[in-house]
Amino acid sequence: MGLLSSVMGFFGFGLGTSIGLVAGYYMFIYFQPSDVKDPIVRPLVEQDSSSLSRLMPEIPLWVKNPDYDRIDWLNKFLETMWPYLDKAICKTVKNIAKPIIAEQIPKYKIDAVEFDTLMLGSLPPTFQGMKVYTTDDKELIMEPCMKWAGNPNITVSVKAFGLKATVQVIDLQVFAVPRITLKPLVPTFPCFAKIFVSLMEKPHVDFGLKLFGADTMAIPGLYRFVQETIKDQVSNMYLWPKTLEVPIMDPVKAMKKPVGILHVKVLKAFKLKKKDLFGASDPYLKLKLTEDKLPSKKTTVKPSNLNPVWNEEFTFVVKDPESQALELVLYDWEKVGKHDKMGMNVVPLKELTPDESKEFTLEVLKNMDPNDTQNEKSRGQLVVELLYKPFKDDEAPKDVEDENAVQKAPDGTPEGGGLLVVMIHQAEDVEGKHHTNPYVRLLFRGEEKRTKHVKKNRDPRWDEEFQFMLEEPPVNDRIHVEVLSASSRIGLLHPKESLGYVDINLSDVVSNKRINAKYHLIDSKNGRVQIELQWRTSS
(Lines give C-alpha, C1' and ligand atoms only; values in the text may rest on other atoms or scores of the structure.)
Protein backbone atom coordinates (compact mmCIF):
# COMPACT_ATOMS: atom_id res chain seq x y z
CA MET A 1 0.00 0.00 0.00
CA GLY A 2 2.84 2.34 0.83
CA LEU A 3 4.53 1.70 -2.51
CA LEU A 4 1.32 2.44 -4.38
CA SER A 5 0.77 5.74 -2.57
CA SER A 6 4.35 6.84 -3.31
CA VAL A 7 3.98 6.09 -7.02
CA MET A 8 0.67 7.95 -7.20
CA GLY A 9 2.11 10.93 -5.32
CA PHE A 10 5.08 11.19 -7.68
CA PHE A 11 2.76 10.92 -10.67
CA GLY A 12 0.50 13.64 -9.30
CA PHE A 13 3.43 15.99 -8.66
CA GLY A 14 4.74 15.58 -12.19
CA LEU A 15 1.30 16.04 -13.73
CA GLY A 16 0.57 19.14 -11.64
CA THR A 17 3.89 20.74 -12.45
CA SER A 18 3.40 20.21 -16.18
CA ILE A 19 -0.13 21.68 -16.10
CA GLY A 20 1.12 24.68 -14.09
CA LEU A 21 3.93 25.45 -16.54
CA VAL A 22 1.60 25.27 -19.55
CA ALA A 23 -0.99 27.50 -17.86
CA GLY A 24 1.66 30.04 -16.80
CA TYR A 25 3.17 30.27 -20.31
CA TYR A 26 -0.34 30.73 -21.81
CA MET A 27 -1.20 33.54 -19.38
CA PHE A 28 2.21 35.24 -19.95
CA ILE A 29 1.69 35.29 -23.73
CA TYR A 30 -1.99 36.19 -23.99
CA PHE A 31 -2.68 38.25 -20.89
CA GLN A 32 0.00 41.02 -20.98
CA PRO A 33 -0.90 44.20 -19.03
CA SER A 34 -2.28 46.97 -21.22
CA ASP A 35 -1.07 49.94 -19.12
CA VAL A 36 2.69 49.42 -19.83
CA LYS A 37 4.11 52.08 -22.19
CA ASP A 38 7.43 52.37 -24.00
CA PRO A 39 9.88 54.69 -22.22
CA ILE A 40 10.29 58.16 -23.62
CA VAL A 41 13.88 58.77 -24.75
CA ARG A 42 14.91 62.43 -24.84
CA PRO A 43 18.31 64.10 -25.25
CA LEU A 44 19.91 65.59 -22.15
CA VAL A 45 19.55 69.11 -23.48
CA GLU A 46 15.75 68.79 -23.18
CA GLN A 47 15.83 67.62 -19.56
CA ASP A 48 15.02 70.03 -16.73
CA SER A 49 17.47 70.76 -13.94
CA SER A 50 15.90 68.35 -11.45
CA SER A 51 15.97 65.48 -13.95
CA LEU A 52 19.61 66.23 -14.79
CA SER A 53 20.48 66.19 -11.09
CA ARG A 54 18.95 62.74 -10.73
CA LEU A 55 20.63 61.40 -13.86
CA MET A 56 24.04 63.02 -13.26
CA PRO A 57 24.55 63.77 -9.56
CA GLU A 58 28.05 65.09 -10.40
CA ILE A 59 28.82 66.84 -13.70
CA PRO A 60 32.40 66.18 -14.89
CA LEU A 61 34.80 69.08 -15.25
CA TRP A 62 35.21 68.50 -18.98
CA VAL A 63 31.48 69.30 -19.34
CA LYS A 64 31.53 72.46 -17.21
CA ASN A 65 34.91 73.77 -18.35
CA PRO A 66 35.84 73.53 -22.04
CA ASP A 67 39.57 73.84 -21.28
CA TYR A 68 39.53 70.51 -19.43
CA ASP A 69 40.07 67.39 -21.53
CA ARG A 70 38.47 64.00 -21.01
CA ILE A 71 40.87 61.29 -19.86
CA ASP A 72 38.65 58.25 -19.66
CA TRP A 73 41.48 56.17 -21.05
CA LEU A 74 43.55 56.98 -17.95
CA ASN A 75 40.75 55.92 -15.62
CA LYS A 76 40.40 52.66 -17.53
CA PHE A 77 44.15 52.14 -17.32
CA LEU A 78 44.14 52.70 -13.55
CA GLU A 79 41.19 50.37 -13.10
CA THR A 80 43.02 47.56 -14.89
CA MET A 81 46.43 48.19 -13.33
CA TRP A 82 45.29 49.06 -9.81
CA PRO A 83 45.89 45.61 -8.21
CA TYR A 84 49.51 45.82 -9.35
CA LEU A 85 49.92 49.54 -8.66
CA ASP A 86 48.56 48.95 -5.14
CA LYS A 87 51.39 46.58 -4.27
CA ALA A 88 54.06 48.66 -6.01
CA ILE A 89 52.98 51.93 -4.35
CA CYS A 90 52.74 50.35 -0.90
CA LYS A 91 56.22 48.88 -1.25
CA THR A 92 57.62 52.25 -2.33
CA VAL A 93 55.88 54.05 0.55
CA LYS A 94 57.37 51.62 3.06
CA ASN A 95 60.88 52.07 1.63
CA ILE A 96 60.56 55.88 1.71
CA ALA A 97 58.91 56.04 5.15
CA LYS A 98 61.29 53.66 6.90
CA PRO A 99 64.37 55.97 7.06
CA ILE A 100 62.21 59.02 7.79
CA ILE A 101 60.53 57.26 10.72
CA ALA A 102 63.87 55.99 12.03
CA GLU A 103 65.19 59.56 12.01
CA GLN A 104 62.17 61.14 13.73
CA ILE A 105 61.15 58.65 16.48
CA PRO A 106 64.11 59.35 18.82
CA LYS A 107 62.88 62.94 19.20
CA TYR A 108 59.60 61.72 20.72
CA LYS A 109 61.05 58.83 22.79
CA ILE A 110 59.21 56.24 20.73
CA ASP A 111 60.69 52.77 20.43
CA ALA A 112 59.25 51.80 17.04
CA VAL A 113 56.64 52.71 14.43
CA GLU A 114 55.72 49.91 12.04
CA PHE A 115 53.17 49.20 9.33
CA ASP A 116 51.19 46.13 10.34
CA THR A 117 48.98 46.41 7.25
CA LEU A 118 49.31 48.68 4.23
CA MET A 119 46.84 48.20 1.39
CA LEU A 120 45.17 50.89 -0.73
CA GLY A 121 42.03 48.83 -1.33
CA SER A 122 40.21 47.80 -4.46
CA LEU A 123 38.95 51.24 -5.59
CA PRO A 124 41.41 53.25 -7.73
CA PRO A 125 41.43 57.06 -7.95
CA THR A 126 39.55 58.65 -10.83
CA PHE A 127 40.38 61.75 -12.84
CA GLN A 128 37.49 64.03 -13.79
CA GLY A 129 39.51 65.88 -16.40
CA MET A 130 42.88 67.42 -17.15
CA LYS A 131 44.01 70.87 -18.21
CA VAL A 132 47.27 71.17 -20.18
CA TYR A 133 49.21 74.42 -20.54
CA THR A 134 51.62 75.16 -23.36
CA THR A 135 54.47 77.64 -22.88
CA ASP A 136 57.39 78.83 -24.94
CA ASP A 137 59.86 77.30 -22.48
CA LYS A 138 60.99 73.68 -22.32
CA GLU A 139 58.33 72.45 -19.95
CA LEU A 140 54.96 70.66 -19.84
CA ILE A 141 52.33 71.75 -17.31
CA MET A 142 49.30 69.59 -16.44
CA GLU A 143 46.48 70.08 -13.95
CA PRO A 144 44.46 66.88 -13.39
CA CYS A 145 41.39 66.88 -11.15
CA MET A 146 41.74 63.79 -8.95
CA LYS A 147 39.11 62.20 -6.73
CA TRP A 148 39.73 59.11 -4.66
CA ALA A 149 37.10 57.57 -2.42
CA GLY A 150 38.99 54.44 -1.47
CA ASN A 151 38.67 51.59 0.96
CA PRO A 152 42.25 51.26 2.20
CA ASN A 153 43.41 49.20 5.12
CA ILE A 154 46.30 50.97 6.80
CA THR A 155 47.29 49.80 10.26
CA VAL A 156 50.23 51.35 12.12
CA SER A 157 51.54 50.12 15.45
CA VAL A 158 53.39 52.45 17.81
CA LYS A 159 55.59 51.05 20.58
CA ALA A 160 56.69 53.20 23.50
CA PHE A 161 57.43 52.64 27.21
CA GLY A 162 56.67 48.95 26.86
CA LEU A 163 53.19 49.59 25.50
CA LYS A 164 51.78 49.10 22.02
CA ALA A 165 49.09 51.23 20.39
CA THR A 166 47.43 50.33 17.08
CA VAL A 167 46.05 53.01 14.77
CA GLN A 168 43.93 52.10 11.73
CA VAL A 169 42.99 54.41 8.85
CA ILE A 170 39.81 53.49 6.97
CA ASP A 171 37.43 55.02 4.38
CA LEU A 172 39.92 57.52 2.97
CA GLN A 173 38.70 60.28 0.63
CA VAL A 174 41.03 62.69 -1.15
CA PHE A 175 39.91 65.37 -3.62
CA ALA A 176 42.74 67.48 -5.04
CA VAL A 177 43.77 69.55 -8.08
CA PRO A 178 47.57 69.24 -8.36
CA ARG A 179 49.72 71.09 -10.89
CA ILE A 180 52.36 68.77 -12.34
CA THR A 181 55.22 70.40 -14.21
CA LEU A 182 57.74 68.36 -16.17
CA LYS A 183 60.89 70.40 -16.79
CA PRO A 184 63.29 70.87 -18.28
CA LEU A 185 62.40 68.81 -21.33
CA VAL A 186 65.53 67.07 -22.55
CA PRO A 187 66.51 64.75 -25.44
CA THR A 188 67.27 61.88 -23.02
CA PHE A 189 64.65 59.32 -21.96
CA PRO A 190 62.25 59.85 -20.15
CA CYS A 191 62.64 63.29 -21.77
CA PHE A 192 62.33 65.39 -18.59
CA ALA A 193 64.81 65.94 -15.76
CA LYS A 194 62.52 66.86 -12.86
CA ILE A 195 58.89 66.74 -11.74
CA PHE A 196 57.45 69.66 -9.79
CA VAL A 197 54.14 69.09 -7.95
CA SER A 198 52.06 71.78 -6.27
CA LEU A 199 48.42 72.14 -5.21
CA MET A 200 46.26 74.81 -6.81
CA GLU A 201 43.76 74.81 -3.92
CA LYS A 202 43.43 73.27 -0.47
CA PRO A 203 42.75 69.55 -0.79
CA HIS A 204 39.71 67.81 0.70
CA VAL A 205 40.81 64.98 2.98
CA ASP A 206 38.35 62.76 4.88
CA PHE A 207 39.03 59.48 6.65
CA GLY A 208 38.11 57.29 9.58
CA LEU A 209 40.58 56.69 12.40
CA LYS A 210 40.39 53.79 14.84
CA LEU A 211 42.46 53.68 18.03
CA PHE A 212 42.32 50.40 19.96
CA GLY A 213 39.39 49.43 17.73
CA ALA A 214 37.29 52.53 18.63
CA ASP A 215 36.34 55.22 16.10
CA THR A 216 38.12 58.32 17.39
CA MET A 217 36.56 60.52 14.70
CA ALA A 218 33.24 60.14 16.52
CA ILE A 219 34.55 62.30 19.39
CA PRO A 220 32.76 65.70 19.18
CA GLY A 221 34.96 68.41 17.65
CA LEU A 222 37.91 66.11 16.90
CA TYR A 223 36.87 65.30 13.33
CA ARG A 224 36.78 68.91 12.18
CA PHE A 225 39.98 69.77 14.06
CA VAL A 226 41.94 66.92 12.44
CA GLN A 227 40.57 67.66 8.97
CA GLU A 228 41.46 71.37 9.12
CA THR A 229 44.90 70.62 10.58
CA ILE A 230 45.73 68.25 7.71
CA LYS A 231 44.52 70.77 5.14
CA ASP A 232 46.63 73.54 6.66
CA GLN A 233 49.78 71.42 6.97
CA VAL A 234 49.58 70.13 3.39
CA SER A 235 48.79 73.61 2.07
CA ASN A 236 51.73 75.16 3.91
CA MET A 237 54.07 72.67 2.23
CA TYR A 238 52.69 72.29 -1.28
CA LEU A 239 50.10 75.01 -2.04
CA TRP A 240 51.20 76.88 -5.18
CA PRO A 241 53.70 78.55 -5.64
CA LYS A 242 55.39 76.13 -3.23
CA THR A 243 56.34 72.87 -4.92
CA LEU A 244 57.49 69.35 -4.25
CA GLU A 245 60.53 68.66 -6.41
CA VAL A 246 61.16 65.10 -7.58
CA PRO A 247 64.49 64.63 -9.41
CA ILE A 248 64.41 62.08 -12.21
CA MET A 249 67.91 62.33 -13.64
CA ASP A 250 71.07 64.37 -13.33
CA PRO A 251 70.33 67.74 -14.99
CA VAL A 252 73.96 68.05 -16.14
CA LYS A 253 73.77 64.80 -18.12
CA ALA A 254 70.17 65.36 -19.17
CA MET A 255 70.76 68.84 -20.56
CA LYS A 256 74.15 67.90 -21.99
CA LYS A 257 75.82 70.71 -20.09
CA PRO A 258 79.59 71.16 -20.50
CA VAL A 259 81.59 68.87 -18.20
CA GLY A 260 85.10 69.51 -19.47
CA ILE A 261 87.48 70.75 -22.18
CA LEU A 262 89.26 68.65 -24.81
CA HIS A 263 92.65 70.00 -25.90
CA VAL A 264 93.72 68.75 -29.33
CA LYS A 265 97.14 69.30 -30.85
CA VAL A 266 97.42 68.24 -34.48
CA LEU A 267 101.07 67.29 -34.86
CA LYS A 268 101.62 65.88 -38.35
CA ALA A 269 100.68 63.36 -41.02
CA PHE A 270 102.94 61.22 -43.14
CA LYS A 271 102.87 58.89 -46.14
CA LEU A 272 99.63 60.41 -47.42
CA LYS A 273 98.42 59.33 -50.84
CA LYS A 274 98.12 62.08 -53.42
CA LYS A 275 94.74 62.88 -54.89
CA ASP A 276 95.88 65.20 -57.69
CA LEU A 277 96.94 63.88 -61.08
CA PHE A 278 99.83 66.32 -61.29
CA GLY A 279 101.91 67.09 -58.24
CA ALA A 280 101.32 66.33 -54.54
CA SER A 281 98.14 66.97 -52.56
CA ASP A 282 97.33 70.09 -50.51
CA PRO A 283 96.12 68.50 -47.23
CA TYR A 284 94.24 70.09 -44.37
CA LEU A 285 92.36 68.55 -41.44
CA LYS A 286 88.81 69.10 -40.19
CA LEU A 287 88.06 68.38 -36.52
CA LYS A 288 84.67 67.97 -34.89
CA LEU A 289 83.12 66.42 -31.80
CA THR A 290 80.24 64.05 -32.47
CA GLU A 291 76.81 65.04 -31.06
CA ASP A 292 77.88 68.69 -31.40
CA LYS A 293 76.05 71.12 -33.66
CA LEU A 294 78.94 73.57 -33.89
CA PRO A 295 80.82 73.78 -37.22
CA SER A 296 84.06 71.86 -37.72
CA LYS A 297 87.42 73.45 -36.96
CA LYS A 298 90.15 73.38 -39.62
CA THR A 299 93.91 73.41 -39.76
CA THR A 300 95.85 75.44 -42.28
CA VAL A 301 96.40 74.06 -45.80
CA LYS A 302 99.85 72.62 -46.48
CA PRO A 303 100.39 72.99 -50.26
CA SER A 304 102.08 70.18 -52.20
CA ASN A 305 102.99 68.16 -49.12
CA LEU A 306 102.33 64.48 -48.41
CA ASN A 307 104.11 64.66 -45.03
CA PRO A 308 102.63 67.86 -43.55
CA VAL A 309 103.57 69.19 -40.11
CA TRP A 310 101.00 71.41 -38.42
CA ASN A 311 101.61 71.65 -34.63
CA GLU A 312 98.30 73.50 -34.34
CA GLU A 313 96.14 73.46 -31.19
CA PHE A 314 92.34 73.43 -30.80
CA THR A 315 89.91 73.21 -27.89
CA PHE A 316 86.44 71.65 -27.74
CA VAL A 317 83.73 71.77 -25.08
CA VAL A 318 82.85 68.24 -23.94
CA LYS A 319 79.31 67.42 -22.82
CA ASP A 320 79.36 63.62 -22.54
CA PRO A 321 82.80 61.95 -22.57
CA GLU A 322 81.22 58.48 -22.47
CA SER A 323 79.43 58.84 -25.81
CA GLN A 324 81.24 61.61 -27.69
CA ALA A 325 84.20 61.09 -30.00
CA LEU A 326 86.67 63.30 -31.86
CA GLU A 327 86.15 63.02 -35.61
CA LEU A 328 89.16 63.76 -37.84
CA VAL A 329 88.73 64.09 -41.61
CA LEU A 330 91.58 64.82 -44.04
CA TYR A 331 90.86 66.80 -47.23
CA ASP A 332 92.80 67.79 -50.31
CA TRP A 333 92.24 71.50 -50.97
CA GLU A 334 91.19 72.46 -54.49
CA LYS A 335 91.02 75.90 -56.05
CA VAL A 336 87.99 74.96 -58.13
CA GLY A 337 85.29 72.49 -57.26
CA LYS A 338 84.72 70.27 -54.28
CA HIS A 339 87.61 69.42 -51.98
CA ASP A 340 88.56 65.74 -52.19
CA LYS A 341 88.29 63.61 -49.06
CA MET A 342 91.57 61.80 -48.35
CA GLY A 343 90.44 59.75 -45.34
CA MET A 344 89.31 59.89 -41.73
CA ASN A 345 89.46 58.37 -38.26
CA VAL A 346 87.71 58.71 -34.91
CA VAL A 347 88.96 58.77 -31.31
CA PRO A 348 86.32 57.94 -28.63
CA LEU A 349 86.76 60.23 -25.62
CA LYS A 350 86.19 57.33 -23.21
CA GLU A 351 89.64 56.06 -24.23
CA LEU A 352 91.23 59.12 -22.62
CA THR A 353 92.35 59.29 -19.00
CA PRO A 354 91.34 62.66 -17.47
CA ASP A 355 94.20 65.14 -16.99
CA GLU A 356 96.66 62.88 -18.83
CA SER A 357 98.02 63.81 -22.26
CA LYS A 358 98.11 60.97 -24.80
CA GLU A 359 99.55 60.81 -28.30
CA PHE A 360 97.71 58.84 -31.00
CA THR A 361 99.07 57.62 -34.33
CA LEU A 362 96.00 56.92 -36.41
CA GLU A 363 95.60 55.13 -39.69
CA VAL A 364 93.88 57.21 -42.36
CA LEU A 365 90.79 55.15 -43.32
CA LYS A 366 88.30 55.53 -46.14
CA ASN A 367 85.39 55.25 -43.68
CA MET A 368 84.60 53.84 -40.24
CA ASP A 369 82.97 50.64 -41.49
CA PRO A 370 85.04 47.77 -40.01
CA ASN A 371 83.82 45.38 -42.71
CA ASP A 372 84.87 47.57 -45.64
CA THR A 373 87.83 45.94 -47.38
CA GLN A 374 88.93 49.31 -48.80
CA ASN A 375 90.14 50.24 -45.32
CA GLU A 376 92.90 47.66 -45.69
CA LYS A 377 94.59 49.89 -48.25
CA SER A 378 97.23 52.19 -46.77
CA ARG A 379 96.36 55.90 -47.03
CA GLY A 380 98.92 57.28 -44.59
CA GLN A 381 98.95 58.06 -40.89
CA LEU A 382 97.94 60.99 -38.71
CA VAL A 383 99.50 61.96 -35.37
CA VAL A 384 97.53 63.93 -32.76
CA GLU A 385 97.95 64.65 -29.06
CA LEU A 386 94.81 64.75 -26.86
CA LEU A 387 94.22 65.98 -23.32
CA TYR A 388 90.82 65.85 -21.62
CA LYS A 389 90.41 68.14 -18.60
CA PRO A 390 87.10 67.72 -16.75
CA PHE A 391 85.73 70.70 -14.88
CA LYS A 392 86.35 70.87 -11.16
CA ASP A 393 83.47 71.72 -8.83
CA ASP A 394 84.33 75.42 -8.82
CA GLU A 395 84.84 75.46 -12.61
CA ALA A 396 81.57 73.79 -13.64
CA PRO A 397 78.88 76.00 -15.19
CA LYS A 398 76.64 77.55 -12.56
CA ASP A 399 73.49 77.73 -14.69
CA VAL A 400 72.58 74.04 -14.55
CA GLU A 401 69.58 74.60 -12.30
CA ASP A 402 68.26 77.57 -14.22
CA GLU A 403 67.41 76.61 -17.77
CA ASN A 404 66.61 80.24 -18.61
CA ALA A 405 69.95 81.63 -17.43
CA VAL A 406 72.06 83.33 -20.09
CA GLN A 407 75.61 82.05 -20.43
CA LYS A 408 78.60 84.33 -20.57
CA ALA A 409 80.27 85.12 -23.86
CA PRO A 410 83.38 83.05 -24.67
CA ASP A 411 86.93 84.27 -24.26
CA GLY A 412 88.04 86.63 -27.00
CA THR A 413 84.76 88.55 -27.11
CA PRO A 414 85.41 92.22 -27.97
CA GLU A 415 85.33 94.53 -24.95
CA GLY A 416 82.05 96.43 -24.96
CA GLY A 417 80.57 93.95 -27.42
CA GLY A 418 79.07 90.49 -27.06
CA LEU A 419 77.68 87.40 -28.71
CA LEU A 420 74.21 87.47 -30.27
CA VAL A 421 72.70 83.97 -30.19
CA VAL A 422 69.65 83.20 -32.34
CA MET A 423 67.87 79.89 -31.73
CA ILE A 424 65.25 78.91 -34.30
CA HIS A 425 62.97 76.46 -32.47
CA GLN A 426 59.88 75.80 -34.60
CA ALA A 427 57.11 77.22 -36.80
CA GLU A 428 53.37 76.65 -36.80
CA ASP A 429 50.71 76.73 -39.53
CA VAL A 430 53.03 77.60 -42.39
CA GLU A 431 51.77 76.51 -45.78
CA GLY A 432 52.87 77.27 -49.31
CA LYS A 433 50.73 77.50 -52.42
CA HIS A 434 52.73 74.93 -54.37
CA HIS A 435 54.82 73.04 -51.79
CA THR A 436 55.62 73.10 -48.05
CA ASN A 437 59.25 72.15 -47.41
CA PRO A 438 60.11 74.92 -44.94
CA TYR A 439 63.44 76.28 -43.84
CA VAL A 440 64.46 79.57 -42.17
CA ARG A 441 66.76 82.21 -43.60
CA LEU A 442 68.38 84.74 -41.25
CA LEU A 443 69.75 88.04 -42.51
CA PHE A 444 71.72 90.24 -40.13
CA ARG A 445 74.19 92.99 -41.10
CA GLY A 446 74.63 91.49 -44.54
CA GLU A 447 75.39 88.00 -43.19
CA GLU A 448 73.01 85.20 -44.17
CA LYS A 449 72.46 81.89 -42.39
CA ARG A 450 69.96 79.09 -43.00
CA THR A 451 68.46 76.14 -41.16
CA LYS A 452 68.03 72.67 -42.63
CA HIS A 453 65.02 71.84 -44.82
CA VAL A 454 62.03 69.97 -43.38
CA LYS A 455 60.02 68.17 -46.05
CA LYS A 456 56.23 68.31 -46.24
CA ASN A 457 55.56 69.72 -42.79
CA ARG A 458 53.31 72.63 -41.80
CA ASP A 459 54.62 72.59 -38.22
CA PRO A 460 58.38 72.09 -38.65
CA ARG A 461 60.84 71.97 -35.78
CA TRP A 462 64.52 72.89 -36.23
CA ASP A 463 66.10 73.73 -32.82
CA GLU A 464 69.14 75.19 -34.57
CA GLU A 465 71.44 77.82 -33.10
CA PHE A 466 73.31 80.63 -34.88
CA GLN A 467 75.86 83.04 -33.42
CA PHE A 468 77.01 86.54 -34.39
CA MET A 469 80.07 88.06 -32.70
CA LEU A 470 79.56 91.84 -32.40
CA GLU A 471 81.85 94.65 -31.30
CA GLU A 472 78.97 96.70 -29.87
CA PRO A 473 75.41 96.00 -28.65
CA PRO A 474 72.86 95.89 -31.52
CA VAL A 475 70.49 98.41 -29.91
CA ASN A 476 69.52 99.97 -33.25
CA ASP A 477 69.59 96.82 -35.37
CA ARG A 478 66.94 94.48 -36.69
CA ILE A 479 67.25 90.86 -37.72
CA HIS A 480 65.28 89.61 -40.69
CA VAL A 481 63.78 86.13 -40.28
CA GLU A 482 62.04 84.57 -43.27
CA VAL A 483 60.45 81.15 -43.60
CA LEU A 484 60.76 79.79 -47.12
CA SER A 485 59.85 76.60 -48.93
CA ALA A 486 62.07 74.95 -51.52
CA SER A 487 60.79 72.42 -53.99
CA SER A 488 62.19 68.92 -53.67
CA ARG A 489 61.81 68.37 -57.41
CA ILE A 490 63.86 69.81 -60.23
CA GLY A 491 62.20 71.68 -63.06
CA LEU A 492 59.09 73.05 -61.33
CA LEU A 493 57.84 76.52 -62.20
CA HIS A 494 57.98 77.54 -58.54
CA PRO A 495 61.25 76.20 -57.09
CA LYS A 496 61.11 78.51 -54.06
CA GLU A 497 58.42 80.58 -52.32
CA SER A 498 58.15 82.66 -49.18
CA LEU A 499 55.89 81.44 -46.35
CA GLY A 500 56.18 84.64 -44.31
CA TYR A 501 58.72 86.84 -42.60
CA VAL A 502 59.28 88.99 -39.52
CA ASP A 503 61.75 91.76 -38.63
CA ILE A 504 62.75 91.70 -34.94
CA ASN A 505 64.06 94.75 -33.14
CA LEU A 506 67.08 93.72 -31.05
CA SER A 507 67.03 96.56 -28.52
CA ASP A 508 64.79 94.54 -26.18
CA VAL A 509 67.17 91.59 -26.37
CA VAL A 510 70.10 93.75 -25.26
CA SER A 511 68.18 95.14 -22.28
CA ASN A 512 66.51 91.84 -21.21
CA LYS A 513 69.44 89.52 -22.15
CA ARG A 514 66.98 86.84 -23.30
CA ILE A 515 63.69 86.71 -25.21
CA ASN A 516 61.83 83.53 -26.12
CA ALA A 517 58.64 84.29 -28.04
CA LYS A 518 56.43 83.31 -30.95
CA TYR A 519 56.19 85.89 -33.74
CA HIS A 520 53.35 86.13 -36.26
CA LEU A 521 54.69 85.95 -39.79
CA ILE A 522 53.91 88.79 -42.19
CA ASP A 523 52.34 87.69 -45.50
CA SER A 524 51.14 84.48 -43.85
CA LYS A 525 47.57 83.65 -42.90
CA ASN A 526 48.17 82.00 -39.53
CA GLY A 527 51.89 81.23 -39.55
CA ARG A 528 54.05 81.78 -36.47
CA VAL A 529 57.71 81.13 -35.71
CA GLN A 530 59.25 80.58 -32.26
CA ILE A 531 62.63 82.25 -31.84
CA GLU A 532 64.86 82.55 -28.79
CA LEU A 533 67.33 85.45 -28.73
CA GLN A 534 70.18 85.87 -26.26
CA TRP A 535 72.70 88.66 -25.79
CA ARG A 536 75.78 87.26 -24.05
CA THR A 537 78.50 89.45 -22.65
CA SER A 538 81.75 88.62 -20.88
CA SER A 539 80.72 90.52 -17.74
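Strand β11 (residues 260–270) is joined by eight bridges to strand β14 (residues 309–318), and the two strands run antiparallel. Within this pairing, K265 stands opposite E313 of β14. Strand β11 is also joined to strand β18 (residues 381–390), here by ten bridges and again in the antiparallel sense. In that second pairing, the bridge partner of A269 is L382 in β18. These assignments, and those that follow, refer to a predicted model.

The protein as a whole contains seven helices and 26 strands. Of its 539 residues, 37% are buried. The accessible surface amounts to about 34,200 Å², and carbon and sulfur atoms account for 57% of that area. Contacts between residues at least 6 apart in sequence were also examined; 64% of them join residues at least 24 apart.

One open sheet consists of four strands in the order β13-β12-β15-β16, with antiparallel pairing. Its edge strands are β13 (297–298) and β16 (340–348), each of which pairs on one side only. The pairing of β12 with β13 is antiparallel and extends over two bridges. K286 has K298 of β13 as its bridge partner.

Strand β12 (residues 283–289) also contains Y284. This tyrosine is classed as buried because its relative accessible area is 5%, below the 20% limit that defines the class. When neighbours within four places in sequence are left aside, the residues in contact with Y284 are K298, T299, T300, V301, W310, V329, L330, Y331, W333 and H339. A further relationship across the chain is that between Y284 and K341, which are 57 residues apart in sequence and whose C-alpha atoms are separated by 10.0 Å.

A second open sheet is likewise formed by four strands, in the order β21-β20-β23-β24, and its pairing is antiparallel. The edge positions are taken by β21 (447–450) and β24 (496–505), each pairing on one side only. On average, neighbouring strands of this sheet are turned by 20° against each other, direction ignored. Strand β23 (residues 478–486) runs antiparallel to β24 and is joined to it by nine bridges. Among the paired residues, R478 has N505 in β24 as its bridge partner. As a general point, side chains in a regular strand alternate between the two faces of the sheet.

Helix α4 (residues 72–104) includes W73, and N75 is placed in the same helix, α4. The two residues fall into opposite classes of accessibility. W73 is exposed because its relative accessible area is 60%, which lies over the 50% limit for that class. N75, by contrast, is buried because its relative accessible area is 17%, a value under the 20% limit. Not counting residues up to four places away in sequence, N75 touches P125, T126 and F127. W73, for its part, contributes to a nonpolar surface patch of about 500 Å², which is made by W73, F77, M81 and Y84.

Methods
Residues are numbered from 1 along each chain as its sequence is written. This is a predicted model: local features need pLDDT of at least 70, side-chain atom pairs count only at pLDDT 80 or more; totals for chains, interfaces and linings use all residues. Side-chain values use heavy atoms; hydrogens and water are left out. Patches are made of residues with over 30% relative accessible area and no salt bridge: like charges are joined within 9 Å, nonpolar side chains (Val, Leu, Ile, Met, Phe, Trp, Tyr) within 5 Å. Accessible areas come from the Shrake-Rupley method with a 1.4 Å probe; for residues, only the protein chains shown count as cover. A salt bridge is a side-chain nitrogen of Lys or Arg within 4 Å of a carboxyl oxygen of Asp or Glu. Buried means under 20% relative accessible area, exposed over 50%, partly exposed in between (1.4 Å probe, protein chains only). Two strands pair if DSSP finds at least two bridges between them. Axes are lines fitted to C-alpha atoms, for helices over the stretch in contact, and angles run from 0 to 180 degrees between N-to-C directions. Contact means heavy atoms within 4.5 Å.
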